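Subject: Structure for your files

Hello,

Here is the structure I said I would send. My notes on what turned up in it come after.

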Amino acid sequence: MSKRLQKLSDFEYESPRYIPFGLANFRDIPHIQNLTEEKQFEIEVVGNVLPFKTNNYVVDNLIDWTNPHDPMFLLTFPQKEMLTKNHYDEMATALRNNEDKKIIQTIANKIRYQLNPHPAGQLEYNIPQLKDGTKLYGMQHKYKETILFFPSQGQTCHAYCTFCFRWPQFVGIDELKFASREISSLIQYLREHPEVSDILFTGGDPLIMKTRILSEYIQAILDANLPNIKTIRIGTKALSYWPFRFLTYNDAEDLLNLFENITKKEIHLAFMAHFNHPIELSTNEVKIAISKVRKTGVQIRTQSPILAKINDDYKIWAEMWQKQVHLGCIPYYMFMPRDTGAQDYFGVSLIRAQEIFRDAYQRVSGLARTVRGPSMSANPGKIQVLGLVEVGKKKAIALRFLQGRNPSWVQKPFLAKYNEKAIWIDELKPFSGKKFFFEDELKQTLSYSKLKKNTEKNRTGKLKKKVTKIASIINKTHSDSLEDKKGLDWRRVGRKNFS
């Protein structure tokens, strides 16, 4: 056993049995009995549309059940206002009428498709393909240096966040889900694209997997000896929602040894850890788990969206960043809630978010000022709100790209007209001129991607259908036209396609 590890048998906490709570059993939680029957029904209604799962660690250690507005309760238990009134009433009526499960599922899916399930062009523009034309639907490649990989066994979490922009991964609609077991395809793609230096294992939560399975994925990458790969990232909330994964699980030590082996291969291993509130950093379990992970050579970077009713207060962010630095973590990102799912419930205006970021930033030392934000992960890229400026007698919102579909956009400041209510880039208008500087190039880039996709689709259709050339062209053109119209239904009509 490695000297850096405390023997698990000597660990002062016994490993609790993981107990998930969802629609089937959340009323078994003793604290839930203190809620009104109406409140319990509201949880059930929304939980039939948006993913709902928590666990005994969250329930027993992170939620203050004496506070009806407790942030961790709102973060993990569905609330009525997370759906529009029409959507809520439709599902509530179906449940009150004891409709068949298939009918309830149909209603839920209809609502889900109206919640912009794949924002930022993830499904249309981010799916990579091999040089032979094979689409890799369990991966995404938006920014040149980084590819996202969704291991199929990791497409769930120890608990679900009610704001999660990856909610389509968890609702059972296969066509909305990213997942792959094809590590060989990922390796082939990495060989074909030497510009990629970072692999992000994401989900879901990759650390929901057993160490043996995670190790098979990672070891295949290490054995491939890819000179371009410098960093492996793991997007996870396990430290917050189930720290026992690193402490007392029967393969916890194997997991830590895996991390150490990666760093010995001179591959940088980074945890993209999600902490949304300081309370998540307060338990002894999470503190010890962080310490154990860091001793393997892993670097823990922390990120979170700014969320109304959860952490929309500069004091909360300042405290959270200070705690993270104290525990040896690196504050990384403050995000804006993505335009999907329950965004309207959690949304904070861009101006207010920047003020909260600024006020928190001013109250921490330089070690915590590694954080960047507030940032929108939109279709063009990650757009940071820098603040307000005055141009003559007019106010303007200053922005810049932290990441872009075109790397040359990065760090170029640009201005938008003052809009105190805007919560996303597509609600902003250029301060001068009719377009933002990147719009024409973005349209050209996305149009090329769409054209390429449709050309491949045409070619496949011609091979599969034994029809005349003229009929094939007519039918395919008509089909593509219909698909384009359907695609528009996923977005907010009348707003710019920056989502």
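Which residue follows α12, and what is the sign of its phi? The residue is G328, and its phi is positive, near 90°. Please keep in mind throughout that this is a predicted model.

Since α12 has come up, I will stay with it for a moment. The helix runs over residues 314-326, which makes 13 residues. At 1.5 Å a residue it should span 18 Å, and its end C-alpha atoms are indeed 18 Å apart, so the expected and the computed span agree. At the N-terminal end, D313 acts as a cap: one of its side-chain oxygens lies 2.8 Å from the backbone nitrogen of K315. The buried residues of α12 are I316, W317, A318, M320, W321 and Q324. Their cover includes two strands, β8 (299-305) and β9 (330-335), and the helix α14 (350-361).

Now the chain as a whole. It has 499 residues, and 55% of them are buried. I count 16 helices and 13 strands in it. Taking contacts between residues at least 6 apart in sequence, 73% join residues that are at least 24 apart. The accessible surface comes to about 23300 Å², and carbon and sulfur atoms account for 50% of that.

On the interior: the largest nonpolar core has 138 residues, and the members that touch the most others in it are L239, F246, F259 and F271. F271 is a useful residue to display. Neighbours within four places in sequence aside, its contacts include L239, F246 and F259, and also L207, I234, V293, V298 and I300. T236, Q299 and R301 are in contact with F271 as well. Another core, of 11 residues, lies apart from the largest one; F150, A270, F335 and L402 are among its residues.

One charged-type side chain to look at is E42, in helix α1 (residues 37-47). Is E42 buried or exposed? With a relative accessible area of 11%, E42 falls under the 20% cut-off, so it counts as buried. Leaving out residues up to four places away in sequence, E42 touches K80 and Y88.

Some backbone details are worth checking on screen.

- Cis peptide bonds: one joins G203 and G204, with omega about 20°. G204 sits in the loop between β5 (198-201) and α8 (211-223).
- Another cis bond runs from G373 to P374, where omega is near -15°. P374 belongs to strand β10 (residues 372-377).
- Positive phi outside glycine: N98 has a phi of about 50°. N98 is in the loop between α4 (85-96) and α5 (101-112). Its relative accessibility is 67%, over the 50% cut-off, so N98 counts as exposed.
- N225 also has a positive phi, near 50°, and is not a glycine. N225 lies in the loop between α8 and β6 (231-236). Because its relative accessibility is 62%, N225 counts as exposed.

That is the list as it stands.

Regards

Notes. Residues numbered from 1 in each chain as written. Predicted model: local features only at pLDDT ≥ 70, side-chain atom pairs only at ≥ 80, totals over all residues. Heavy atoms only, no water. Helix = DSSP H or I, 4+ residues; strand = E, 2+ residues; numbered from the N terminus. Buried < 20%, exposed > 50% of the residue type's maximum accessible area, 1.4 Å probe, protein only. Contact = heavy atoms within 4.5 Å. Expected span 1.5 Å × (residues − 1). Polar contact = N/O pair within 3.5 Å; in protein donor to acceptor, adjacent residues only side chain to side chain. Core = buried A, V, L, I, M, F, W, Y, C linked by side-chain atoms within 4.5 Å. Areas by Shrake-Rupley, 256 points an atom, 1.4 Å probe, with all protein chains shown as cover.
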